[in-house]
Amino acid sequence: MRKNIVAGNWKMNTTLEEGVELADQINSLLQGKEKNCDVVICVPFTHLTSVNAVIDPELIGLGAENCSEHEKGAYTGEISAAMVKSTGATHVILGHSERRQYFGENNEQLLAKTQKALEHGLTPIFCVGEVLEERENGTYNDVVASQVEALFSLSPEDFSKIVIAYEPVWAIGTGKTATADQAEDMHAHIRKVIENKYGKEIADNTSILYGGSCKPGNAKELFAKPDVDGGLIGGAALDAESFMGIIEAFN
Ligand code: PEP
């Protein structure tokens, strides 16, 4: 069956020293605690190796926040999937709305990044989600379906390695959360879209996380929904106690 996952997305926050301290705090808080979900922290590229050195891989998975669609070569400033993997990372966030919006990442490029991540043994956390206008004009189901369908040239074996994160863009960093019912409706829709292409078994086994102003105070209600398999957490992942509060929503 699919896994419950709570993943943090640190974005462009923390210096190296602060990041290592935060990872160390999360690791200590998790020690000896019972948890009913996998925990992943996705951190800036510069922090990966140092964070890897202070976390227990049995307790916490490590992820990057992006990777290149290219294998290697003359792409100044880019970081390849192989480089990410070589730090000890296990996951990579791809297609975050901030990457789509500010860096113009499109479906074709995101498919190529996903393929590179999979080739190098990383688990992609693939983000999808509609903007406010699409929520308001009622096109949100089609918008999100087409973002998921961008991956449909993957083989069933490859697709089954992907984690999906539904993040309504209007709820990211805004303090506005989708209601648990809105999240459930979209997650069930995404699962149906996957089922139509890859069949019920793969759809049922795909973890679909919710992201967008998820906090200790609302995580329990969101995670109680049958198709919500955890969260991708931005702001609240930057505080070890808040992040733990969200992890404990599964207890
Ligand atoms: C995110 O950016 O992935 C996110 C969910 O952010 P926040 O929790 O701050 O809304």
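Here is a short walk through this predicted model, from the ligand out to some salt bridges.

Before you click, note that residues are numbered from 1 along each chain as its sequence is written. In this predicted model, local features need pLDDT of at least 70, side-chain atom pairs count only at pLDDT 80 or more, totals for chains, interfaces and linings use all residues, and side-chain values use heavy atoms, with hydrogens and water left out.

**Stop one: the ligand.** Select the ligand and the residues around it (a heavy atom within 4 Å). You should get 14 residues, the closest being Lys11, His96, Glu167, Gly173 and Ser213.

Now look for polar contacts (N or O atoms within 3.5 Å). One ligand oxygen atom sits 2.7 Å from a polar backbone atom of Ser213, and at Gly235 the distance from a ligand oxygen to a polar backbone atom is 2.8 Å. The protein buries 95% of the 300 Å² that the ligand exposes when taken alone (Shrake-Rupley areas, 1.4 Å probe).

**Stop two: Arg2 and Asp227.** Their side chains form a salt bridge (Lys or Arg side-chain nitrogen within 4 Å of an Asp or Glu carboxyl oxygen), at 4.0 Å from N to O. Arg2 comes before β1 (5-9) and Asp227 is in the loop between α11 (216-223) and β8 (230-233), so the pair ties together parts 225 residues apart in sequence. Add Arg191 and Asp229 to see a network of salt bridges linking them with Arg2 and Asp227.

**Stop three: helix α10.** Pick Asp204 and Lys200, whose side chains meet in a salt bridge of 3.0 Å. Both lie in α10 (residues 200-205), 4 residues apart, about one turn of the helix.

Methods:
A polar contact is a pair of N or O atoms within 3.5 Å; within protein, one must be able to donate a hydrogen and the other to accept it, and residues adjacent in sequence count only if both atoms are side-chain atoms. Helices (H or I, at least four residues) and strands (E, at least two) are DSSP runs, numbered from the N terminus.
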